[in-house]
Amino acid sequence: MSFAPGVIRDSIVSYLSNIDGPATTYEIVAAVQHHLGEVPASSVRSYLSLNTPRIFERTERGTYGLKENSRIPHTNSEFPIRRIDRAELFFGDCFEWMAQQKPQSIHAVVTDPPYGLVEYTEKETTKLRAGKGGVWRIPPSFDGHKRAPLPRFTTLNDADLVALRAFFVRFGNHVKRICVPGANIVVASNPLLSHIVADAMTQSGLELRGYIARQVMTMRGGDRPKNAHLEFDEVSVMPRSQWEPWVVLRAPLEGRVQDNLRKWGTGGFRRPSISKPFGDLIKSHPTPANEKKISPHPSLKPQGFMRQIVRGVLPLGEGIILDPFMGGGSTLAAANAIGYNSKGVERDAEYYELAHSAIPKLTALATRSEESNTEEDD
Ligand SMILES: C[S@@+](CC[C@H](N)C(=O)[O-])C[C@H]1O[C@@H](n2cnc3c(N)ncnc32)[C@H](O)[C@@H]1O
């Protein structure tokens with residue numbers, strides 16, 4: 001297949017702008033092939049070398065980035081802001097917002113990003129609000145109880161996965177720039193996609209520090225084969241998911257842990273009590289009905305869990321926590337409940353309003369006894 005002059009070059013520029021940072025030749029070839037179809041790897045490589053140093057720069061062996069003047073510029077927008085107690089709520093796109101923040105101005109990130117990349121687009125939220133499905137699976141009501149809609153992650157194809165990876169590399173690049181050294185970054189995920197989040201965000205230079213398992217019975221998996229459930233009644237097609245992985249990353253330290261603790265107030269997790277280490281298995285439960293009533297966002301996380309995570313990510317209880325995908329406001333409500341400073345960004349006007357009205361009420365709730373099931377120190 002032959003392409004008009006400039007098509008392959010423009011595809012490379014668009015991918016590198018999208019991730020806001022450098023990528024290996026291998027990743028660039030994969031992205032261009034997903035965008036344009038069958039393109040020989042050798043053509044992509046020759047476009048890269050032909051246009052270096054005019055458009056691209058070689059950042060290290062086999063890795064290319066865009067020259068500063070070839071980047072698609074960020075807009076300089078004003079973000080409407082509201083304050084509730086110690087929380088600041090910004091209305092707008094978080095990538096544009098992050099691009100405008102000062103380097104090293106955030107001390108931890110706790111967030112639950114969109115995964116299908118399309119489920120929170122205007123088209124899909126309109127379908128969800130009309131009860132019409134789309135990528136949202138609206139489970140049938142059961143025993144008179146309406147069950148919460150779930151996005152269908154299994155509908156992601158290869159091209160979606162490449163886009164998802166690029167999304168998290170771009171996200172990681174922004175986060176790395178605005179976070180102070182040693183900052184904890186904790187990202188909600190699911191067992192089918194957490195490996196992509198971890199891999200993409202480490203490509204941005206963040207360090208993978210493990211996973212926190214939120215132990216919770218979800219409605220995913222466990223079912224018998226579709227249309228053959230009687231014939232194979234002893235089979236579950238995939239495991240019934242009983243936990244939710246939260247990917248734990250860290251902005252690279254500056255010196256030793258103790259130096260970061262002194263200078264930035266980062267570099268570790270705050271213990272639940274002096275004799276209990278912060279653990280990576282947290283017993284949880286689906287978001288309680290009273291919280292969903294206060295904040296009817298389709299992905300609202302429960303306060304009992306959020307308060308444990310939020311409390312833990314600032315080892316000395318000092319600094320600013322960011323949730324760039326604020327949704328119904330559960331992270332900021334948890335931060336207010338604990339007495340931490342926080343910032344949240346949401347681009348959907350309805351959810352932004354929802355977070356604004358819900359945060360004080362979620363903050364005021366007493367949660368079920370917040371015990372994390374970690375062992376005491378010896
Ligand atoms: C999975 S939900 C977060 C729910 C949140 N954890 C809660 O408990 O309510 C993701 C949210 O990110 C928002 N969002 C998606 N892309 C965004 C972007 N680029 N900038 C800001 N918000 C975005 C969506 O509108 C959605 O409300």
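Helices and strands are here DSSP runs, of at least four residues for helices (H or I) and at least two for strands (E), and they are numbered from the N terminus. In these terms N227 lies in the loop between β10 (207-215) and β11 (243-250). The structure described is a predicted model, and the account below moves from the backbone at individual residues to the strands, the ligand site and the aromatic side chains.

Three places in the backbone call for comment, and they are best read against a general background: most residues other than glycine have a negative phi, and most peptide bonds are trans. N227 has a positive phi of about 60° although it is not a glycine, and with a relative accessible area of 75% this residue is exposed, since the cut-off for that class is over 50%. A second residue of this kind is D85, which is not a glycine and yet has a positive phi of about 55°. D85 is found in the loop that links β4 (81-84) to β5 (87-91), and its relative accessibility of 63% places D85 in the exposed class. The third place concerns a peptide bond, that from T52 to P53, which is cis, with omega near 10°; P53 belongs to the loop between α3 (41-50) and β2.

The strand that follows this loop, β2, takes part in an open sheet of three strands, in which the order is β1-β3-β2 and the pairing is antiparallel. The edge strands of this sheet are β1 (23-24) and β2 (56-60), each of which pairs on one side only. Between β2 and β3 (residues 63-66) there are four bridges in the antiparallel sense, and within this pairing F56 has L66 of β3 as its bridge partner. Helix α3, on the other side of the loop that holds P53, contains S49, which counts as partly exposed at 38% relative accessibility. The C-alpha atoms of S49 and Y64 are separated by 9.6 Å, and the two residues are 15 residues apart along the chain.

Parallel pairing is found around strand β14. Five bridges join β5 to β14 in the parallel sense, with K343 in β14 as the bridge partner of E88. Strand β13 (residues 320-323) also runs parallel to β14 and is joined to it by four bridges, one of the residue pairs being I321 with its partner S342 in β14. Strand β14 is mostly covered, as five of its six residues are buried. Beyond its end, D348 occupies the loop between β14 (341-346) and α12 (349-364). D348 is buried, because its relative accessible area of 14% falls under the 20% cut-off, and a polar atom of the D348 side chain lies 3.0 Å from the backbone nitrogen of Y351.

The ligand is surrounded by 23 residues, of which the closest are C94, H297, G328, S330 and E346. By class, this shell comprises ten nonpolar, seven polar and six charged residues. Several polar atoms of the protein can be placed relative to the ligand, and both backbone and side-chain atoms are among them. A backbone N or O atom of C94 lies 2.9 Å from a nitrogen atom of the ligand, while a backbone N or O atom of G328 lies 2.7 Å from an oxygen atom of the ligand. For E346, the atom concerned is an N or O atom in the side chain, which is 2.6 Å from an oxygen atom of the ligand. Taken alone, the ligand exposes 610 Å², and 98% of that area is buried by the protein.

Aromatic side chains form a further set of contacts, and a search of the whole structure finds twelve aromatic pairs. In one of these, the rings of F269 and F278 have their centres 4.8 Å apart and their planes at 10°, so the pair is stacked, the limit for this being under 30 degrees. F269 itself counts as partly exposed, at 27% relative accessibility. Elsewhere, one aromatic cluster is formed by F95, Y115, F167, F168, F171 and F325.

Notes
Residues numbered from 1 in each chain as written. Predicted model: local features only at pLDDT ≥ 70, side-chain atom pairs only at ≥ 80, totals over all residues. Heavy atoms only, no water. Pairing = 2+ DSSP bridges. Near = heavy atom within 4 Å. Polar contact = N/O pair within 3.5 Å; in protein donor to acceptor, adjacent residues only side chain to side chain. Areas by Shrake-Rupley, 256 points an atom, 1.4 Å probe, with all protein chains shown as cover. Nonpolar A, V, L, I, M, F, W, Y, C, P; charged D, E, K, R; others polar. Phe/Tyr/Trp six-rings, centres within 6.5 Å; stacked < 30°, edge-to-face > 60°. Buried < 20%, exposed > 50% of the residue type's maximum accessible area, 1.4 Å probe, protein only.
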